[in-house]
Amino acid sequence: MSLERFLNQAVSSWMSSEGPDSDIVLSSRIRLARNLNEYKFPTLITNEEAKQIIDLFSKKASTGNFQGVGSFELLKMDEIQPLHKRVLVEKHLISPNLAESSSYGACLLSENEEISVMINEEDHIRIQCLFPGFQISEALNMANQIDDWLEEDVNYAFDEKIGYLTSCPTNVGTGLRASVMMHLPALILTHQMNQIIPAINQLGLVVRGIYGEGSEALGNIFQISNQITLGKSEQDIVEDLKSVVSQLISQERSAREALAKTSNIQLEDRVFRSYGILSNSRIIETKEAARCLSDVRLGIDMGYIKNISKNILNELMILTQPGFLQQYAGGPLRPNERDIRRALLIRERIRMENE
């Protein structure tokens, strides 16, 4: 296994597999922040100490397979080109912070790409598990197993009263960030989302875009995650998130039913116009592509469009990002060149479905 494999295999398992409620929930993610007791936080450690921490986990990566997820590959950030880092970010395998961090960051990636352990990001380690569909409890279970496996060889910074100690106070306690990526086009079309977001925030959860904090909700895709990590157990945090996500699933489905009853022909027209744009455009920008992909995915879920995989949204939302387009082109592309290549890639992907 090598970096080239992660770059060339565009579609991770969480994108190509279907999970519970996958018509609305694209993926479930658990992230655990941990620090090593013997070292200062990453913001204060020396380069030599950072290398020592990477070496600790490099040995762990060489111990073989884990729990059926395959072997782990250690990727060192100072050995990866900026474009390749961008591709890994677009695949949600590493965070933008790790990609932009000092030379002494690294990542352990599982063969099936469901698990990544980011090293020397904001914390010494950040364990991430990504599952398809609404499987947040299953992702937590896997993350805890990985956590226990890593802790066999290290001592975590932990306080009996406070919990896990982290670089940022907002992560102290469980160190847990649980998030669910949802496709909510009907709630947008029925103008309900603006009222829903403040209500979610009042429950201690936050709504973000497709790439987390500071990112835009392209293609009507939102991440719902917890804000509170202290004073609640991991299980309570996940149960609170599950309750809100379940309500959102119900509201989205009700909104879709309402649209089908009151605006069926208008919705069908919107879906097929977007399908026509994707099938025939020679130039298309990121935002327009995301909007049209969202419409087409909604059309597939509602039965307007047949014989096309619903995973097309998951796949093309990643494949049409700037890093991937340049990766497949073999080098840098100007914005206009990316728009041309994006349109070509989408046309070819749709043509594959129709063959």
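In this predicted model, rings of Phe, Tyr and Trp count as a pair if their centres lie within 6.5 Å. By that rule, the structure holds 4 aromatic pairs.

Q: What makes the pair of Tyr-156 and Tyr-164 edge-to-face?
A: Look at the two values: the ring centres are 6.1 Å apart and the planes sit at 75°. Pairing needs centres within 6.5 Å, and edge-to-face needs planes over 60 degrees apart, so Tyr-156 and Tyr-164 fit the label.

Q: How do you know that Phe-158 and Tyr-164 form an aromatic pair, and what kind is it?
A: Their rings are 4.9 Å apart centre to centre, with 65° between the planes. Set against the limits of 6.5 Å and 60 degrees, that's an edge-to-face pair. Tyr-156, Phe-158 and Tyr-164 form one aromatic cluster.

Q: Why is Tyr-164 called buried?
A: Its relative accessible area is 17%, and buried means under 20%, so Tyr-164 counts as buried. Tyr-156 is buried too.

Q: Why does Phe-158 count as partly exposed?
A: Phe-158 has 42% relative accessibility. Buried stops at 20% and exposed starts over 50%, so Phe-158 lands in between as partly exposed.

Now for a pair of helices.

Q: Why are α4 and α13 called oblique to each other?
A: The axes of α4 (residues 82-90) and α13 (residues 322-329) come within 8 Å and cross at roughly 130°. Roughly perpendicular covers 65 to 115 degrees and roughly antiparallel is over 145, so α4 and α13 are oblique. Their crossing is left-handed. Residues making the contact include Leu-83 and Val-87 of α4 and Phe-324 of α13.

Key:
Residues are numbered from 1 along each chain as its sequence is written. This is a predicted model: local features need pLDDT of at least 70, side-chain atom pairs count only at pLDDT 80 or more; totals for chains, interfaces and linings use all residues. Side-chain values use heavy atoms; hydrogens and water are left out. Axes are lines fitted to C-alpha atoms, for helices over the stretch in contact, and angles run from 0 to 180 degrees between N-to-C directions. Helices (H or I, at least four residues) and strands (E, at least two) are DSSP runs, numbered from the N terminus. Angles under 35 degrees count as roughly parallel, over 145 as roughly antiparallel, 65 to 115 as roughly perpendicular and the rest as oblique. A crossing is left-handed if the near helix is turned anticlockwise from the far one by less than a right angle, and right-handed if clockwise. Contact means heavy atoms within 4.5 Å. Rings of Phe, Tyr and Trp (its six-membered ring) pair if their centres lie within 6.5 Å; planes under 30 degrees apart count as stacked, over 60 as edge-to-face and the rest as tilted. Buried means under 20% relative accessible area, exposed over 50%, partly exposed in between (1.4 Å probe, protein chains only).
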